[in-house]
There are 4 protein chains.
Amino acid sequence: MTTPLLDTKTLERVLDEFAEARNWRQFHSPKNLAMALTGEVGELVEIFQWRTEEESWRVAQDPATAEHVRHELADVALYLVRLASVLGVDLNAAIADKLVLNARKYPSSSTQE
Amino acid sequence: MTTPLLDTKTLERVLDEFAEARNWRQFHSPKNLAMALTGEVGELVEIFQWRTEEESWRVAQDPATAEHVRHELADVALYLVRLASVLGVDLNAAIADKLVLNARKYPSSSTQE
Amino acid sequence: MTTPLLDTKTLERVLDEFAEARNWRQFHSPKNLAMALTGEVGELVEIFQWRTEEESWRVAQDPATAEHVRHELADVALYLVRLASVLGVDLNAAIADKLVLNARKYPSSSTQE
Amino acid sequence: MTTPLLDTKTLERVLDEFAEARNWRQFHSPKNLAMALTGEVGELVEIFQWRTEEESWRVAQDPATAEHVRHELADVALYLVRLASVLGVDLNAAIADKLVLNARKYPSSSTQE
């Protein structure tokens, strides 16, 4: 058995139990989760919008900002994994397939030789 | 050793090698990757925008749409993991912390008893 | 002289004075403004994410939500007009051109006869 | 009668006729239009994601990119105005109110004296 690129199984289960315990499954349609994902990405982007690229590398140096970034990254991950989960998409397999496509679309220098 | 909620290690390494082989590291600032994440989420949302919630559950039934959704979900995952990676954020730990906060913020019915 | 589809002139001038008075022009690069636009759209989307389509029609019935929606719509408009402005894009002309393209791409029933 | 900051009346009417002629009103719920807005902003952001801030100022110098930017800005404007319209929000008034709030929140140097 090969190591998955991204192992989401434990998180999928936890998120489903979390939603079930709060009677949230009714709200977790793919359409709604895609919107929630958008909202969280918006919050993540806001951290970087007035910072230069140079400064964006250093956001983790300020403890408060670092914590903020961690929370927003986590929120994006939670909704992404939940969305894939309710759609029955195997995110690991989808990623593996996409990497193959990307490698073909953008051959590396060594591949091109 | 506990099982991680989300294991990103293999994918982080693959993405870094992919970027290195294409001389893309210079473009992968946190600011730029946050923007790229936005763009991909936009493409994902477009799949659902004119569909009802009811219909959004069935996007995986049409093979072409299912493939489209898988690719867009993968793209979002790739940029999310890459962004966390260049920032040095342990996404698994960030998720674990966020789930604790969420559980406090939204106690389940059984927790409330 | 024809009436413009969207007249942005007064707002463009006000926004430029606003930025100038706060020494914000340095932050208002097209790249940064595109990000800020994203963030505001994210806040707008959050209002609708857990509401059904049916409920989304009624957001203006609750005064607090109506006010929230108005503010977020305004924020999106402000960054959109500012972005077009710093790029020197005539938004009214761009819209006129796009409507022609859209009318060709999606002919109406009467046009199709 | 004062000049509006942003005059959307003509465009609102044109968009409503456009939707009516194509039997699209049924799809134009606030929820769906907020999603469509997201998708268009995503396409706009993609233009800037790998460009530096410096380069983002010059996107209009390349004719093809300039045209691309104009189309995406127009698309964002179309959905924003349509969304405000179906919600019955007077975007001009909403902007005027928001500018007052922003001026209070961020006093200019001269105001602060």
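Across the interface of chain A and chain B, the rule picks out 21 residue pairs in polar contact, both partners at pLDDT 80 or more. That pLDDT condition is there for a reason you can guess: what we have on the screen is a predicted model.

Let me stay with this A–B interface for a while. Besides the polar pairs, chain A and chain B have four salt bridges between them. One to look up in your viewer is Asp97(A) with Arg70(B), where the closest N and O atoms lie 3.0 Å apart.

Which helices of chain A supply at least two residues each to the side that touches chain B? They are α1 (9–21), α2 (30–48), α3 (53–56), α4 (63–87) and α5 (91–105). Of these, α4(A) gives the most to that side, with 15 residues. If you sort the chain A side by residue class, you get 41 nonpolar, 14 polar and nine charged residues.

Now the extent of it. Chain A puts 64 residues into the contact, and chain B puts in 64 residues as well. The area the two chains bury between them is about 5300 Å², with 72% of it on carbon and sulfur atoms.

How are these two copies arranged? Chain A superposes on chain B through a rotation of 180°, with 0.0 Å of shift along the axis and an RMSD of 0.0 Å. The residue of chain A that comes closest to that rotation axis is Asp7(A), its C-alpha lying 2.5 Å away. And the same surface is used by both copies: 100% of the contact residues of chain A recur in chain B.

Right, over to the other pair, chain C and chain B. Here too a turn of 180° does the job, laying chain C on chain B with an RMSD of 0.0 Å and a shift of 0.0 Å along the axis. The two copies are therefore related as by a two-fold rotation axis. Again the same surface serves both, since 100% of the contact residues of chain C recur in chain B. In chain C, the residue whose C-alpha comes closest to the axis is Met35(C), at 3.5 Å.

What does this contact consist of? Chain C brings seven residues and chain B brings seven residues. About 540 Å² is buried between chain C and chain B, and carbon and sulfur atoms give 61% of that. How many salt bridges are there between chain C and chain B? The count is zero. There are two residue pairs in polar contact across this interface, both at pLDDT 80 or more. On the chain C side, helix α2 (residues 30–48) gives the most, with four residues. Split by class, that side of chain C has one nonpolar, three polar and three charged residues.

Last stop, and then I'll let you go: a single residue, Thr65(B). You will find Thr65(B) in helix α4 (residues 63–87) of chain B. Is Thr65(B) buried or exposed? Thr65(B) has a relative accessible area of 12%, so it counts as buried, the cut-off being under 20%. The side chain of Thr65(B) makes a polar contact of 2.5 Å with the side chain of Asp62(B). Leaving aside residues up to four places away in sequence, Thr65(B) touches Ile47(B), Arg51(B) and Val59(B).

That's my tour, thanks for listening, and do rotate the model yourselves while we talk.

Methods. Residues numbered from 1 in each chain as written. Chains lettered and ligands numbered in written order. Predicted model: local features only at pLDDT ≥ 70, side-chain atom pairs only at ≥ 80, totals over all residues. Heavy atoms only, no water. Least-squares fit on C-alpha atoms with pLDDT ≥ 70 in both. Contact = heavy atoms within 4.5 Å. Buried area = accessible area lost by both parts, 1.4 Å probe. Salt bridge = Lys/Arg side-chain N within 4 Å of Asp/Glu carboxyl O. Polar contact = N/O pair within 3.5 Å; in protein donor to acceptor, adjacent residues only side chain to side chain. Nonpolar A, V, L, I, M, F, W, Y, C, P; charged D, E, K, R; others polar. Buried < 20%, exposed > 50% of the residue type's maximum accessible area, 1.4 Å probe, protein only.
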